[in-house]
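Visitor: I should like to learn how to read the side-chain features of a protein structure. Could we work through an example together?

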Amino acid sequence: MSKISLELDGRIRQQAKNLCGYCLNPQELIPYKLEIEHIHQKGLGGETTEENLWLACRECNAHKARKIEAVDPLTEKNQKLFNPRRQNWHEHFEFSQDKTEIIGKTACGRATVESLQMNNFCQKTARTAWIETGKFPPKD
């Protein structure tokens, strides 16, 4: 496994604004360090380069695992998963009215929400508590 330098780690965290690239979990509200993840997994040929690395929370990273695509529940067709480095979050996702759920707006967004289980009980429970702090959802 290629080691990520402290300098590169810091740049990625700054670029990602210390948010999970998928569910936008903010570093300041979770009790563990956000993980540097390979967007295109090493086991599938992805490299440990800045353009292939981003931040992910443990929930999203664990569910993503080695996936690069998933089925859109609406069209039932395979779609590439959201790429937080190259795609705009707000084009593919939005929050529910109460801000506790993430809704996929596109085939890519829907497939990513479903595959990464972005609205599981733990995620929704945390978002409910975070909303009360006024620090979630993150401001643009």
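Guide: The following turns take up cysteines, aromatic rings, charged pairs, one helix and two single residues. Please keep in mind that this is a predicted model.

Visitor: Let us begin with the cysteines. How many disulfides does a search of the whole structure find?

Guide: In general, a disulfide is a covalent bond between the sulfur atoms of two cysteines. Here the search of the whole structure finds zero disulfides. Cys20 is in no disulfide, and its nearest cysteine sulfur, that of Cys23, is 3.7 Å away.

Visitor: Why is the sulfur of Cys57 not bonded to that of Cys23?

Guide: The two sulfurs are 3.7 Å apart, and Cys23 holds the closest cysteine sulfur to that of Cys57; this is too far for a bond, because a disulfide requires the sulfur atoms to be within 2.5 Å. As for accessibility, Cys57 is buried at 0%, and Cys20 is buried at 1%.

Visitor: Next, the aromatic rings. How should a pair be read, and how many aromatic pairs does the structure hold?

Guide: A pair of aromatic rings is described by the distance of the centres and the angle of the planes. The structure holds six such pairs. In one of them, Phe82 and Phe93 meet edge-to-face, with 5.0 Å from centre to centre and 80° between the planes. That pair links distant parts of the chain, eleven residues apart: Phe82 is in the loop between strand 4 and helix 3, and Phe93 is in strand 5. Phe82 is buried, with a relative accessibility of 2%, and Phe93 is buried at 1%.

Visitor: What is the geometry of the pair formed by Trp89 and Phe95?

Guide: The ring centres of Trp89 and Phe95 are 5.2 Å apart and the planes stand at 35°, so this pair is tilted. Both Trp89 and Phe95 are buried. Ring pairs also link these residues into a cluster whose members are Tyr22, Phe82, Trp89, Phe93, Phe95, Trp130 and Phe136.

Visitor: How does one approach the charged side chains, and what is the count of salt bridges?

Guide: Side chains of opposite charge can pair when their charged atoms come close. In this model the count comes to eight salt bridges. One of them joins Lys135 to Glu28, with 3.6 Å between the closest N and O atoms. Lys135 lies in the segment after helix 5 and Glu28 in the loop between helix 1 and strand 1, so the pair ties together parts that are 107 residues apart in sequence. Lys135 is partly exposed at 43%, whereas Glu28 is exposed at 58%.

Visitor: Which residue forms a salt bridge with Arg58?

Guide: The partner is Glu35, at 3.5 Å from N to O. This pair links distant parts of the chain, with Arg58 in helix 2 and Glu35 in strand 1, 23 residues apart. Arg58 is partly exposed, with a relative accessible area of 44%, and Glu35 is partly exposed at 25%.

Visitor: Where do Glu101 and Lys124 lie?

Guide: Glu101 lies in the loop between strand 5 and strand 6, and Lys124 in helix 5, so their pair ties together parts 23 residues apart in sequence. The closest N and O atoms of this salt bridge are 3.0 Å apart. Glu101 is partly exposed at 29%, and Lys124 is partly exposed at 28%. Elsewhere, salt bridges that share partners join Glu7, Arg11 and Glu50 into one network.

Visitor: Turning to helices, is helix 4 mostly covered or mostly uncovered?

Guide: An α-helix has 3.6 residues a turn, so residues three or four places apart point the same way. Helix 4, residues 107-115, is mostly covered, with eight of its nine residues buried. Among the buried residues are Cys108, Arg110 and Val113. The elements that cover them include helix 2, strand 3, strand 4, helix 3, strand 5 and strand 6. Helix 4 is followed by Gln117, whose phi is positive, near 50°.

Visitor: Finally, is Arg13 buried or exposed, and is Glu91 buried or exposed?

Guide: Arg13, in helix 1, is buried, with a relative accessible area of 12%. A polar atom of the Arg13 side chain lies 2.9 Å from the backbone oxygen of Leu34. Beyond its sequence neighbours within four places, Arg13 is in contact with residues including Asn18, Gln27 and Leu55. Glu91, in helix 3, is exposed, with a relative accessible area of 52%. Leaving aside neighbours within four places in sequence, Glu91 is in contact with Lys105 and Thr106.

Notes:
Residues numbered from 1 in each chain as written. Predicted model: local features only at pLDDT ≥ 70, side-chain atom pairs only at ≥ 80, totals over all residues. Heavy atoms only, no water. Helix = DSSP H or I, 4+ residues; strand = E, 2+ residues; numbered from the N terminus. Buried < 20%, exposed > 50% of the residue type's maximum accessible area, 1.4 Å probe, protein only. Polar contact = N/O pair within 3.5 Å; in protein donor to acceptor, adjacent residues only side chain to side chain. Contact = heavy atoms within 4.5 Å. Phe/Tyr/Trp six-rings, centres within 6.5 Å; stacked < 30°, edge-to-face > 60°. Salt bridge = Lys/Arg side-chain N within 4 Å of Asp/Glu carboxyl O.
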